[in-house]
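Student: I am new to this structure and would like to look closely at one part of it, with the neighbouring parts brought in where they help. Could you take me through it slowly?

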Amino acid sequence: MLPFVNEDLGLVRIRPVCDEDLEAVMALAPRLAEGVAAWRDPEGAMRAAREWLAGSLAAAESRRGAVFVAVDSGDSQVVGVVSVQRQLHFTGAMDAYVGELAVHPRAVRAGVGRRLMAAAEDWARQQGLRHLTLETGAANTAARRFYAALGYLEEGVRLTRSLETATL
């Protein structure tokens with residue numbers, strides 16, 4: 001992918017993850033826990049975010065998927081990450097699935113997320129896949145607006161009921 005320039009970041013390049021990026025990628029895990037439902041355990045969400053990233057990195061290493069990073073050439077800092085791999089849809093179709101998209105706070109609304117999603121879409125096309133799917137929290141309205149602006153449509157809705165306070 002060609003690098004792009006952002007006034008706040010300088011030159012940003014999207015490229016496949018490498019071993020030197022691992023610490024910076026894992027440092028983005030808190031961004032994945034944002035927008036989790038208020039009744040969920042925040043520490044559990046953070047543990048899950050770290051596990052998701054570790055799993056995606058392992059999938060990329062074994063070539064079952066890919067992880068791309070956005071790197072600011074000014075300070076060589078990783079300012080974003082996206083993971084993508086093949087996933088069977090319940091209809092039987094093989095889709096590409098974005099497991100994680102996280103952008104450093106200083107790079108939000110600077111085009112980094114859009115470019116990372118373009119890298120995931122390019123990977124999916126190269127795999128011969130026709131759809132790219134993802135999930136985000138219902139409370140993560142910023143992410144939902146972002147994905148809608150990219151043309152993503154809501155396909156499913158997960159409903160939860162607390163059994164601790166529920167009465168029939």
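Tutor: Let us begin at a turn, keeping in mind that this is a predicted model. In the hairpin made by strand 3 and strand 4, four residues lie between the strands, and Ser-76 takes a positive phi near 60 degrees there. The two strands on either side of this turn run antiparallel, and eight bridges join strand 3 to strand 4, the latter covering residues 77-88. One of these links can be followed by name, since Ala-70 has Gly-80 in strand 4 as its bridge partner.

Strand 3 itself, residues 65-72, is mostly covered, with eight of its eight residues buried. In a regular strand the side chains alternate between the two faces of the sheet. It is therefore useful to ask what each face of strand 3 looks like, and both turn out to be covered: Gly-65, Val-67, Val-69 and Val-71 are buried on one side, while Ala-66, Phe-68, Ala-70 and Asp-72 are buried on the other.

Strand 3 also takes part in a pocket. Rolling a probe the size of a water molecule over the atoms shows where empty space is left. The second largest pocket has a volume of about 220 Å³, and of the 13 residues that line it, Val-17, Cys-18, Leu-57, Ala-60 and Glu-61 are the closest to its centre. Strand 3 and helix 3, which spans 42-61, each supply at least two residues of this lining. By character, the lining residues divide into 10 nonpolar, one polar and two charged.

Elsewhere along the chain, the aromatic rings deserve the same care. A pair of aromatic rings is described by the distance of the centres and the angle of the planes. The structure holds two aromatic pairs. Phe-146 and Tyr-147 form one that is edge-to-face, at 5.2 Å centre to centre with 65 degrees between the planes, and Tyr-147 and Tyr-152 form another edge-to-face pair, at 6.0 Å centre to centre with 70 degrees between the planes. Ring pairs thus link Phe-146, Tyr-147 and Tyr-152 into a cluster. As for their surroundings, Phe-146 counts as partly exposed because its relative accessibility is 24%, whereas Tyr-147 is buried, with a relative accessible area of 10%, and Tyr-152 counts as buried at 18% relative accessibility.

Finally, Asn-140 sits in the loop between strand 6 (132-134) and helix 5 (141-149). Asn-140 counts as buried because its relative accessibility is 18%, which is under the 20% cut-off. Leaving aside residues up to four places away in sequence, Asn-140 touches Glu-34 and Gly-35. Asn-140 and Tyr-152 are 12 residues apart along the chain, and their C-alpha atoms are separated by 15 Å.

Key: Residues are numbered from 1 along each chain as its sequence is written. This is a predicted model: local features need pLDDT of at least 70, side-chain atom pairs count only at pLDDT 80 or more; totals for chains, interfaces and linings use all residues. Side-chain values use heavy atoms; hydrogens and water are left out. Buried means under 20% relative accessible area, exposed over 50%, partly exposed in between (1.4 Å probe, protein chains only). Two strands pair if DSSP finds at least two bridges between them. Contact means heavy atoms within 4.5 Å. On a 1 Å grid over the protein atoms alone, a cavity is a set of points where a 1.4 Å probe fits but cannot get out, and a pocket is an open set with protein on both sides within 12 Å along at least five of seven lines; lining residues have an atom within 4 Å of a point. Grid points are joined across faces, edges and corners, and a volume is the space filled by probe spheres set on the points. Ala, Val, Leu, Ile, Met, Phe, Trp, Tyr, Cys and Pro count as nonpolar, Asp, Glu, Lys and Arg as charged, and the others, Gly among them, as polar. Rings of Phe, Tyr and Trp (its six-membered ring) pair if their centres lie within 6.5 Å; planes under 30 degrees apart count as stacked, over 60 as edge-to-face and the rest as tilted.
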